[in-house]
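Biologist: I am new to reading structures, and I would like a close look at a single part. Could you take me through the helices and what surrounds them, step by step?

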Amino acid sequence: MIQIAALCYRGEGAGREVLLITSRDTGRWVIPKGGLMRGRDAAEAAAEEAWEEAGVRPVAIPAEAIGEFRYLKTKRSGLPIPVRVLVYPMEVAGLEERFPEAGQRRLAWHAPRDAATLVAEPGLREIFERFHTASSDVALL
């Protein structure tokens, strides 16, 4: 299974921060992610997930993913399904107060290194570590 995700960020250099949101089911810290969408490319779908889950209005839709991570998603049946998540960088122009999942999640800005300590997925931790040291999001490709 393939999913897409948005690594939402603001600022640059040492002042760069990333946006974490809580999952609706467990309350753990994650980034906006979901499935591919009919009629949209992967980056557009990632931007839509960022809007629906966090109210993100991006500066622009990115052209390329900056990385990927994998995890096991537990289906309602209890069966684990391997998931490959493509991560797209989304510079945040602003956050709207009203969005589809408002009130269902908490949002928090963190330095990338701090965010890496808060997420469960080792591959996502690595992406945050690389994002912390990169001079730009393009340097991660």
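Modeller: Gladly; here is a walk through two helices, two residues in other elements, a loop residue and a pocket.

Please keep in mind that this is a predicted model. Let us begin with helix α3, which covers residues 122-133 and has twelve residues. From its first C-alpha to its last, α3 reaches 17 Å, close to the 16 Å expected at 1.5 Å a residue. Which residues of α3 are buried? They are G123, L124, I127, F128 and F131. Try reading those numbers with a simple rule in mind: an α-helix has 3.6 residues a turn, so residues three or four places apart point the same way. Seen down the axis of α3, the buried residues fall within an arc of 145°, so they line one face of the helix. And what lies over that face? The cover for the buried residues of α3 includes the strands β1 (2-10), β2 (17-22), β6 (67-74) and β7 (80-95), together with the helix α2 (112-118).

Now turn to α1, which runs through residues 42-54. Its 13 residues should span 18 Å at 1.5 Å a residue, and its end C-alpha atoms are 18 Å apart, which agrees. Helix α1 is mostly covered, since eleven of its 13 residues are buried. Many carry the name alanine: A42, A43, A45, A46, A47, A50 and A54 are among the buried residues, and E48, E49, W51 and E53 are buried too. These buried residues pack against β1, β2, β4, β5 (56-58), β7 and β8.

One of those buried residues leads us to a loop. E53 is in contact with E101, which also touches R24 and E52, leaving out residues up to four places away in sequence. E101 itself is found in the loop between β7 and β8. Is E101 buried or exposed? With a relative accessible area of 10%, E101 is buried, because buried means under 20%.

E101 also gives us a handy way across to β6: E101 and Y71 are 30 residues apart in sequence and 23 Å apart in space, C-alpha to C-alpha. Y71 lies in strand β6, and it is buried, with a relative accessible area of 13%. Leaving aside neighbours within four places in sequence, Y71 is in contact with Q3, K33, I81, P82, V83, V85 and E121. There is a link back to our opening helix here as well, for Y71 and E126 are 55 residues apart in sequence and 13 Å apart in space, C-alpha to C-alpha.

Strand β6 also has a part in the largest pocket, which has a volume of about 500 Å³. Of the 19 residues that line this pocket, the closest to its centre are S23, D25, R28, K33 and K73. You have already met K33, as a contact of Y71. Two or more lining residues come from each of β4 (33-35), α1 and β6, and the largest share, four residues, is from β6. The lining divides into four nonpolar, five polar and ten charged residues.

Last, look at H110 in strand β8, which covers residues 107-110. Not counting residues up to four places away in sequence, H110 touches E17, V18, L20, A115 and L118. The C-alpha atoms of H110 and G15 are separated by 10.0 Å, although these two are 95 residues apart along the chain.

Key. Residues numbered from 1 in each chain as written. Predicted model: local features only at pLDDT ≥ 70, side-chain atom pairs only at ≥ 80, totals over all residues. Heavy atoms only, no water. Expected span 1.5 Å × (residues − 1). Buried < 20%, exposed > 50% of the residue type's maximum accessible area, 1.4 Å probe, protein only. Arc of directions from axis to C-beta. Contact = heavy atoms within 4.5 Å. 1 Å grid on protein atoms, 1.4 Å probe; cavity = no way out; pocket = protein on both sides within 12 Å on 5 of 7 lines; lining within 4 Å. Points joined across faces, edges and corners; volume = space filled by probe spheres on them. Nonpolar A, V, L, I, M, F, W, Y, C, P; charged D, E, K, R; others polar.
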